[in-house]
Amino acid sequence: MSKIFVQIASYRDSQLIPTIEDCLAKADKPENLIFGICWQWDKTEPRDIFDNNPQFRVSKHHYSTSRGLGWARSITNTLYDGEEYTLQIDSHHRFVKGWDTLILEDYNSALRLSKKPIITTYCTPFDPQEPESSYNPLPSLMSQYEFSADKLLMSMPWYIQDYKSRTNVIKARTLSGHFYFTSGNFIKEVPYDPDIYFGGYTEETTMSARAFTHGYDFYSPYRTIMWHEYTRNYRPKHWDDHGIESDTKKNSGVRDTLARNKTRQLFGQEEHGIVMGVYGLGTERTLHDYEVYGGFDFKKCRIHNYTLKVNEPPNPSNWEEGFIVSNYKIEEQWDVDFFKNCNFKEPKAITF
């Protein structure tokens with residue numbers, strides 16, 4: 001029977017075990033799940049709970065030795081052993097009943113549209129302190145809304161208001177780090193870059209471009225599969241422990257700077273002399289193909305109006321005309337008498 005390799009990178013997270021328990025309890029076929037976990041633990045966590053369980057492959061690391069998100073995700077990649085499918089999630093999720101059946105239905109639906117589909121989205125938020133009956137039923141997809149001040153593409157959840165009338169997956173522009181489902185071959189074709197320090201603007205943008213240029217296509221579910229906890233307010237974060245000093249000899253600032261530089265180099269925005277190797281772009285499609293598909297201009301940090309309105313890709317074919325261009329005519333009146341009365345003096349020459 002087809003197995004699903006579930007990848008989880010967990011950092012000092014009390015929600016890891018509840019997430020796994022819910023994942024198993026809500027699956028129609030829990031026996032088909034194989035978990036690969038990079039467990040960055042502290043003394044409060046029962047890290048031997050999955051020992052000698054054939055459904056679990058756990059790489060254990062004291063949190064003081066952790067090198068960040070990409071490093072942890074790359075370790076979960078090494079635990080893969082040929083399973084047909086892979087699901088990557090975070091360590092703070094809850095699931096709908098029969099989630100595994102739903103996700104396979106969506107994947108098989110996407111296979112009719114693409115040879116290499118990825119089912120992915122930003123999941124609807126939930127609060128682990130609240131009862132499941134209170135969870136928001138609206139599914140969501142990923143919406144790209146701006147480039148940051150340091151040239152990084154930003155995404156956020158966007159609720160699918162008409163989800164009840166939909167019957168098929170929705171084409172998407174980007175991949176989510178906290179939820180993607182695809183063929184297990186993806187782990188070998190697009191391995192995680194251990195230098196990518198944090199999610200969102202570096203992890204998801206680089207993985208999206210790399211996956212697309214390796215021939216993968218993104219599809220968002222039209223119904224809720226699972227929920228995600230976004231705030232992380234209940235637990236320590238990596239930068240809390242590694243912000244100034246770190247046992248790894250590199251603090252979070254150093255790691256994040258490298259990740260951002262690597263991201264900007266991948267998108268052709270800056271050159272930092274970094275050798276990308278297997279963590280670079282693929283050869284099946286170009287970076288510009290991705291820009292045309294998604295409505296992005298990475299060098300000039302522009303986004304199509306069509307994309308900003310969260311319209312389904314691919315974007316209209318005339319790429320350059322899709323960007324909003326505004327012309328302004330500004331007239332300014334100067335008070336000439338004011339400057340005449342200032343009695344400005346010519347500065348003296350400075351000699352050295």
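Okay, so let's start with Thr124: its bridge partner in β13 is Trp227. That's in a predicted model, by the way, so keep that in mind throughout. The Thr124 pairing belongs to the contact between β7 and strand β13, residues 226-228, and those two run in the parallel sense over 2 bridges.

Zoom out a bit and you get an open sheet of 3 strands, ordered β5-β13-β7, with mixed pairing. On the edges sit β5, which is 93-95, and β7, which is 124-125, and each of those pairs on one side only. Quick reminder for anyone who doesn't stare at sheets all day: strands pair through backbone hydrogen bonds, either parallel or antiparallel.

Right, pockets. How much space lies in the largest pocket? About 730 Å³. Its lining counts 37 residues, and the ones nearest the centre are Leu69, Asp90, Phe198, Gly199 and Arg232. If you're wondering which elements supply the lining, at least two residues each come from β1 (4-11), α2 (69-78), β8 (140-147), β9 (153-159), α5 (203-213) and α6 (238-242). Out of those, α5 gives the most, with 4 residues.

Next, the loop between α9 and α10, that is, between 305-308 and 336-341. A few things turn up here. Pro314 is in this loop, and a cis peptide bond joins Pro313 and Pro314, with omega at about 5 degrees. Val310 is in the loop too, and Val310 has a positive phi, near 60 degrees, without being a glycine. Is Val310 buried or exposed? It counts as buried, because its relative accessibility is 17% and the cut-off is under 20%.

Then there's Ile324, also placed between α9 and α10. Ile324 goes the other way: it sits at 54% relative accessibility, so it counts as exposed. Ile324 also helps make a nonpolar surface patch of about 340 Å², together with Tyr145, Met156 and Leu308.

Last one, and it's another backbone oddity for your Ramachandran plots. Asn52 isn't a glycine, yet its phi is positive, about 65 degrees. You'll find Asn52 in the loop between β2 (33-41) and β3 (56-62). Why does Asn52 count as exposed? Because its relative accessibility is 83%, and exposed means over 50%.

So, if you open the model afterwards, have a look at Val310 with its positive phi, the cis bond between Pro313 and Pro314, and the patch that includes Ile324. That's me done, thanks.

Terms used: Residues numbered from 1 in each chain as written. Predicted model: local features only at pLDDT ≥ 70, side-chain atom pairs only at ≥ 80, totals over all residues. Heavy atoms only, no water. Patch = residues over 30% accessible without salt bridge, like charges linked within 9 Å, V, L, I, M, F, W, Y side chains within 5 Å. Areas by Shrake-Rupley, 256 points an atom, 1.4 Å probe, with all protein chains shown as cover. Salt bridge = Lys/Arg side-chain N within 4 Å of Asp/Glu carboxyl O. Buried < 20%, exposed > 50% of the residue type's maximum accessible area, 1.4 Å probe, protein only. Pairing = 2+ DSSP bridges. 1 Å grid on protein atoms, 1.4 Å probe; cavity = no way out; pocket = protein on both sides within 12 Å on 5 of 7 lines; lining within 4 Å. Points joined across faces, edges and corners; volume = space filled by probe spheres on them.
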